[in-house]
Amino acid sequence: MHRKTGTLTQGKIVLEKHLDAHGDPSEKALEYGYLNSYHHTGLKNLLDEAVLTHEELEEHLKAKEKYRKIDEIPFDFVRRRMSVIVEDTTGLNTLICKGAVDEVLSLCTRVEIKGEVIEALPEYDAKRRQIADDLNSQGFRVIALAYKQMPGATDEPTYAIKDESDLILLGFLAFLDPPKATATEALEQLRQLNVDIKILTGDNEIITTYICKEVGVPVEHLLLGPQIEGMNEAELAEAVSATSIFARLAPVHKERIIRVLQSKGHVVGFMGDGINDAPALKAADVGISVDSSVDIAKESSDIILLENSLLVLQQGVLEGRRVFGNIVKYIKMAASSSFGNMFSVVGASAFLPFLPMLPIQVLINNLLYDFSQTTIPTDEVDAEWLTKPRKWEIDEILRFILCIGPISSIFDYLTFFIMLYVFNCWNNPTLFHTGWFIESFFTQTLIIHVIRTNKIPFFQSRASWPLILTSIVIVAVGAWLTVSPLADTLGFVPLPPLYWGLLAIILVCYVVLTQLVKTWFYRRYGD
């Protein structure tokens, strides 16, 4: 399971600080940040929305009347910044750039301090980066803000990325997005279910470390996007196996990590809510988003969570494993039963002078047996079975069928012997048909409760009440058919009392032997 840091936080970002290049409060930084977000026509992210909550600035700045948008240089995940160019009433064009601290600082040749523009010296740049790092270490998301002013042109000017140069650093905007209250508990529960958690985020390593520590994710080693750029697939595969936290990732990095994990045989779920998560959500085996995500993230997802709680993930994992467990139960039961019946029918046909069971009786047997299994979806799965992920392994199911299936044939042949030599059915095929119908049907239904669990049935693990009741009702219906008004039509006759006593012994022996073989099987091959 992989997620970005944004899915671990509440997603309710608040603009807490607007600072100049010295780290002191700056109204101008707030105003220029507002103008950038106000005139930004692309998809506004949570940071833009947090800035725009300062609605009083629209009237104070006369953002619409005094400033006319000229052009926009959109955000991309390589530059990690975006710019808006506005024209004021004097005709002066102002380019306002905001983005990741390192990317914006690298474009600034000057810096504004208390209204004075001075040259940006390298030794002071390190101090400004330290301001951002200190804010990150306190849990703030920080973006840098820079600008430059240019004379207006007679014709409508157009701007490009090359114009994001020779900028004046204005300051920083710091946002707070606290972790979800359920994040720590949810991550711990997923770890208990042996779900490997990896954090994939575009945030820098400092804010990523802070958030991970807040939610209880140990930070031992981080792998950064720029490091991934120089890795081939083999190197990346080795690094991904040894790393749980990845920071400063571009969308293509997230997708590469997921592809590498899938190539190693992992089933990957990815949870994200932003535009930059769309490729990863699409590539993952299960893409998960939340209802408040951007549209492209939701469209790229397989599952959209309606609750703002990560505990839903743990519940989803458990439910998925329970459903898968019940599917495997059904296949093992149905296939083992059919495999055993095949041996019995083939063997009986070799020495009986009549059919071992009438076609209509075979159909009724299968119909009632199928009804008895309709409540398997309500059944619980052993807690131990849920603690780790399971794969669809046809070879394991085949081994199980080959081991368990023939057991029913042993008791079918024992029933044949009893019907032929105890009840002298050589010349009474109707009684033989009825006897084998009941034994076959009873053992098939009873064995559901043995195969459904790795434990001792009825004592250590009991089926759900709907499954128990269905089994009892269906068995009763099958027994009733042999004495019902339909008996003649279906080819049944009443069975002697001795038969029912012998049947009880057969059923007990069948359950005991199947349980012993099943226990040996799971010890030999695992569960």
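# Notebook: patch, pockets and salt bridges

Trp480 comes out as partly exposed, at a relative accessible area of 46%. A reminder to myself before going on: this is a predicted model.

**Entry 1, around Trp480.** I looked up where Trp480 sits, and the place is helix H18, residues 465-481. Then I asked which residues make a nonpolar surface patch with Trp480. I found Val473, Val477, Val483 and Leu486 alongside Trp480, and the patch is about 450 Å². Trp480 can be in a patch because its 46% is over the 30% relative accessible area that patch residues need.

**Entry 2, second largest pocket.** I went to the second largest pocket next and noted a volume of about 1000 Å³. How many residues line the second largest pocket? I got 30, and the ones nearest its centre are Val195, Val267, Val317, Arg321 and Pro389. I also checked which elements supply at least two lining residues each; strand E14 (286-290), strand E15 (303-305) and helix H13 (311-351) are on that list. H13 gives the most to this lining, with 8 residues. By class, I wrote down 17 nonpolar, 8 polar and 5 charged residues for the lining of the second largest pocket.

**Entry 3, largest cavity.** I turned to the closed spaces and got a count of 2 cavities of 30 Å³ or more. The largest cavity has a volume of about 90 Å³. I listed 13 residues in the lining of the largest cavity, with Ser336, Ser337, Ser408, Gln444 and Tyr510 nearest its centre. Which helices each supply at least two residues to the lining of the largest cavity? My list reads H13, helix H16 (394-422) and helix H17 (429-451). H17 has the largest share, 5 residues. The class split for the largest cavity is 4 nonpolar, 8 polar and 1 charged.

**Entry 4, second largest cavity.** The second largest cavity has a volume of about 40 Å³. I read off its lining as Thr415, Ile418, Phe423, Tyr499, Leu502, Leu503 and Ile506. Two elements give two or more of these residues, namely H16 and helix H20 (497-525). With 4 residues, H20 gives the most. I noted 6 nonpolar residues and 1 polar residue in the lining of the second largest cavity, and no charged ones.

**Entry 5, salt bridges.** Side chains of opposite charge can pair when their charged atoms come close. I looked up the total for this structure and got 26 salt bridges.

I took Glu103 and Arg80 to begin with; their side chains meet in a salt bridge at 3.6 Å, N to O. The two are 23 residues apart and link distant parts of the chain, with Glu103 in helix H4 (residues 101-105) and Arg80 in the loop between strand E3 (68-76) and strand E4 (81-87). Is Glu103 buried or exposed? Glu103 is buried, at a relative accessible area of 18%. Arg80, at 21% relative accessibility, counts as partly exposed, because buried means under 20%.

Next I checked Asp379 and Arg452, which form a salt bridge with the closest N and O atoms 2.6 Å apart. This pair also links distant parts of the chain, 73 residues apart: Asp379 is in the loop between helix H14 (359-372) and helix H15 (383-386), and Arg452 is in the loop between H17 and H18. I have both Asp379 and Arg452 down as buried.

Asp196 and Lys198 were my next pair, and their side chains meet in a salt bridge at 3.7 Å, N to O. Asp196 is partly exposed, with a relative accessible area of 46%, whereas Lys198 counts as buried at 4%.

I also asked which residues are linked with Asp76 in a network of salt bridges. They are Arg79, Arg81 and Glu164.

**Entry 6, Ala239.** One last lookup. Ala239 is found in helix H9, residues 233-242. At 15% relative accessibility I put Ala239 down as buried. I then paired Ala239 with Ile257: they are 18 residues apart in sequence, and in space the C-alpha to C-alpha distance is 9.7 Å.

Note on methods
Residues numbered from 1 in each chain as written. Predicted model: local features only at pLDDT ≥ 70, side-chain atom pairs only at ≥ 80, totals over all residues. Heavy atoms only, no water. Patch = residues over 30% accessible without salt bridge, like charges linked within 9 Å, V, L, I, M, F, W, Y side chains within 5 Å. Areas by Shrake-Rupley, 256 points an atom, 1.4 Å probe, with all protein chains shown as cover. Salt bridge = Lys/Arg side-chain N within 4 Å of Asp/Glu carboxyl O. Buried < 20%, exposed > 50% of the residue type's maximum accessible area, 1.4 Å probe, protein only. 1 Å grid on protein atoms, 1.4 Å probe; cavity = no way out; pocket = protein on both sides within 12 Å on 5 of 7 lines; lining within 4 Å. Points joined across faces, edges and corners; volume = space filled by probe spheres on them. Nonpolar A, V, L, I, M, F, W, Y, C, P; charged D, E, K, R; others polar.
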